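User: Could you take a close look at the aromatic pairs in this one for me? I'd also like a word on how the helices around them are described.

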Amino acid sequence: MYTRGLFIYNGNAGSVDSTQVGDVLGILSAELPELSVRRTSEPGEAERICREEGEQYDVLYILGGDGTVHECVNGLAVLESPPVIGVLPGGTCNDFSRTLWMPQQLPRAAEVLNERRTRTLDIGTANGHYFTNFYGIGLISETSQNINSDIKGTFGKLGYFLSTLQTVRTAEPFQFEMSHDGGEIAGEAVMIYAANGRYLGTNPLPFHEESLEDGLLDVLIIREAGLPLLRELLSRKTPGEWSPESSTIEYIQTSRLTIRTLQPMPADTDGEIYLETPAELGVLPGKLTFLVGEQPVSTW
């Protein structure tokens, strides 16, 4: 039984209006004796609130996109007794809320959170920071940097794909060295993607459901020959159609990962770019507990 809740929402998120916030609060507060509301207005504010106040609450609801979730998790992951976390889709792609099997319609998502199914999941680490969904360099960070804010605001997730298709045509390989549980890999790639979640740009990735709580990162190394398959992955709508063991994209699972490049490269963590290589990545098994939707029948 939750008695004290905190609701954090990104006041700058263009895809959520005050009416929607009010509707969601009405649904959540009906099942909670006390619900405090905090509206953020600047980068880093959500992380600070979660770090300083998170242990005062039983449950924390986050309304925002993957960047807002990323901020909150970086505040919560350092706590000894973090609250249970509920994620409401309020951004462009909402990839981590999709990983949690949350409906993408706000009122319905709030109703599902009130059903209070929970799952304790892994959290990724990168150079002293935390991520829920992914860490990536190369094509993935170039895509994020190339998104035009006007296009993103007007067309939502379509802006992501327009940028992706544009970037794929101009991707430049880079030299890398990598150490992982099974040894070392070196060579050229156009993208390295270390996943904790299971969606990229609203599209499902071919990882097993257990990848959310197996203590491992799912790592894709995409060389030039793998670009056609990457395009296919970004355009398909149903999971279960790819066998990593027999593809042009190299796939490994590891609990730790060291990435070195000839020159520092910007890294994308959950859609936010503020880190760079070299990178030390890891996993905190079963670090945070999330409210989840009803798990669909697996097709893997």
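Analyst: Let's settle one term up front: buried means under 20% relative accessible area, exposed means over 50%, and partly exposed is in between, using a 1.4 Å probe and protein chains only. This is a predicted model, so local features need pLDDT of at least 70 and side-chain atom pairs count only at pLDDT 80 or more, while totals for chains, interfaces and linings use all residues. Residues are numbered from 1 along each chain as its sequence is written, and side-chain values use heavy atoms, with hydrogens and water left out.

On to the rings. The structure holds 4 aromatic pairs; rings of Phe, Tyr and Trp (its six-membered ring) pair if their centres lie within 6.5 Å, and planes under 30 degrees apart count as stacked, over 60 as edge-to-face and the rest as tilted. One of the pairs is Phe-134 with Tyr-193, which is stacked, at 5.1 Å centre to centre and 20° between the planes. Phe-134 sits in strand β7 (residues 134-138) and Tyr-193 in strand β10 (residues 191-195), so this pair ties together parts 59 residues apart in sequence. Helices (H or I, at least four residues) and strands (E, at least two) are DSSP runs, numbered from the N terminus. Phe-134 is buried at a relative accessible area of 5%, and Tyr-193 is buried too, at 1%.

Another pair is Phe-174 with Phe-176: the ring centres are 6.5 Å apart and the planes are at 65°, so this one is edge-to-face. Phe-174 counts as buried at 9% relative accessibility, as does Phe-176 at 3%.

Now for the helices. Thr-143 belongs to helix α6 (residues 139-146) and is buried, with a relative accessible area of 2%. Thr-143 and Gly-271 are 128 residues apart in sequence, yet 9.6 Å apart in space, C-alpha to C-alpha.

Elsewhere, helix α2 (residues 45-53) packs with helix α3 (residues 66-76) at an angle of about 30°, their axes 7 Å apart. Here, axes are lines fitted to C-alpha atoms, for helices over the stretch in contact, and angles run from 0 to 180 degrees between N-to-C directions. That angle makes α2 roughly parallel to α3, given that angles under 35 degrees count as roughly parallel, over 145 as roughly antiparallel, 65 to 115 as roughly perpendicular and the rest as oblique. In α2, the residues meeting α3 include Glu-45, Cys-50 and Arg-51, and their counterparts in α3 include Glu-71, Cys-72 and Leu-76; contact means heavy atoms within 4.5 Å.
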